[in-house]
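Here are my notes, as promised. Have the model open while you read.

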Amino acid sequence: MPARPILIDCDPGVDDAVALLLAFAAPDALDIRAVTTVAGNVSAGLTARNACVIRALAGREDVPVFAGCTRPMVRAPIEAEHFHGESGLGALAFDAPARGPETEHAVNAIVRIVSEAVQPVTLVITGPCTNVALALLLAPGIADNIAEVVVMGGARSEGGNVTASAEYNIFADPHAAHVVLTMAPAVTVLGLDVTHQIRATAPRTAALAGLGGARAAAAANLLDFSSEVTRAWGQGEGAPLHDPATIAWLLAPHLFTARPARIAVEMSSPITLGHTAVDFHVTAAETGVRWVTDADAEGVFSLLNARMAP
Ligand code: BDR
Ligand code: CA
């Protein structure tokens with residue numbers, strides 16, 4: 001099967017960085033047309049720089065990086081430095097990348113790349129949905145050439161990770177998430193319900209580091225940093241593999257279970273802002289949206305190890 005054309009919109013971010021490493025390591029399956037970045041976990045300047053750091057580490061200078069929105073559509077920016085470190089890449093040591101982002105704005109790049117693609121493009125969003133929402137508002141016709149949008153975000157049965165009921169990516173720009181969920185032709189959402197099932201426990205990251213090579217070492221380093229923070233915050237053993245779950249879904253959907261759903265984003269209540277109301281009383285014929293409920297965590301880590309091996 002030819003590699004699937006994708007575009008990754010992200011806010012690296014330690015787990016975004018692992019998602020990028022996994023995607024960069026799968027050129028046979030994923031034809032990455034671009035990485036676009038957005039303000040989220042850290043500022044827009046840092047997320048763009050970090051995407052370039054990971055691109056260099058992965059030896060994928062063939063993939064252009066475009067820097068995008070510096071703040072959410074409506075609400076005030078909310079960063080997550082406490083979870084991702086001051087640089088956004090935890091404790092990872094790195095040199096300033098030799099090549100930076102392109103000059104074109106990420107929103108324009110998304111519109112151009114999707115419009116020009118011969119085959120429909122899959123968009124992966126692992127940060128606030130701002131860039132993709134604005135691309136859809138700027139050029140609604142691009143929806144016709146989007147195969148699917150895969151979003152890491154939201155929470156149903158797990159509760160939230162920034163407020164009682166909201167997950168960070170949706171909370172950070174709920175209006176953008178609403179635009180994507182209502183304008184994209186097909187959306188698959190991987191929220192905390194599934195990412196909390198895939199934990200980077202110490203034996204798993206030790207096995208990853210034991211593979212040798214720069215990519216595996218970096219992935220283990222990033223995940224170990226997240227696990228430390230997760231433990232310190234009393235959120236259990238092993239960082240959840242939030243963003244890499246989107247790439248794992250694309251590479252090995254058989255490792256996941258998804259259900260047709262209607263998903264509405266709370267945009268006005270100060271208490272439940274960013275909550276995702278997930279309703280399963282709908283058939284696949286009636287909705288283009290799917291909510292991922294379960295993952296085979298061992299399978300996901302086997303996939304990660306297979307791709308990170310030198
Ligand atoms: C999401 O929030 C961010 O901090 C992570 O990078 C991930 O995309 C998890 O809630
Ligand atoms: Ca992210």
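The points below go from the metal site to the core and then the pockets.

1. Ground rules: this is a predicted model, where local features need pLDDT of at least 70, side-chain atom pairs count only at pLDDT 80 or more, and totals for chains, interfaces and linings use all residues. Residues are numbered from 1 along each chain as its sequence is written, chains are lettered from A and ligands numbered from 1 in the order in which they are written, and side-chain values use heavy atoms, with hydrogens and water left out.

2. Start with the calcium ion (ligand 2): its donors come from Asp 11 (OD), Asp 16 (OD, listed twice), Thr 126 (O) and Asp 243 (OD), at 2.2 to 2.5 Å. Donors here are N, O and S atoms within 2.8 Å of the metal (3.2 Å for Na, K and Ca), and the site may look incomplete because water is not among the atoms. The sequence spacing reads D-x4-D-x109-T-x116-D. Asp 11 sits in the loop between β1 (4-10) and α1 (14-24), and Asp 243 in the loop between β8 (239-240) and α11 (244-251), so the pair ties together parts that are 232 residues apart in sequence. Helices (H or I, at least four residues) and strands (E, at least two) are DSSP runs, numbered from the N terminus.

3. Both Asp 11 and Asp 243 are buried, meaning under 20% relative accessible area (1.4 Å probe, protein chains only). Have a look at α1 too: 11 of its 11 residues are buried, so the rest of the structure largely encloses it.

4. Which residues touch the most other members of the largest nonpolar core? They are Ile 8, Leu 30, Ile 32, Val 35, Ile 198, Ile 247 and Phe 256, out of 57 residues. The largest share, nine residues, comes from α1. A nonpolar core is a set of buried Ala, Val, Leu, Ile, Met, Phe, Trp, Tyr and Cys residues joined through side-chain atoms within 4.5 Å.

5. Ile 8 is worth a click: leaving aside neighbours within four places in sequence, its contacts (heavy atoms within 4.5 Å) include Leu 20, Ala 23, Val 124 and Ile 247. Another core, of 43 residues, lies apart from the largest one and has Val 107 and Val 278 among its members.

6. Last, the lining of the largest pocket: α1, α3 (81-84), α6 (168-172), α10 (214-232) and β8 each supply at least two residues. A pocket, on a 1 Å grid over the protein atoms alone, is an open set of points where a 1.4 Å probe fits, with protein on both sides within 12 Å along at least five of seven lines; lining residues have an atom within 4 Å of a point.

Definitions and conventions. Buried < 20%, exposed > 50% of the residue type's maximum accessible area, 1.4 Å probe, protein only.
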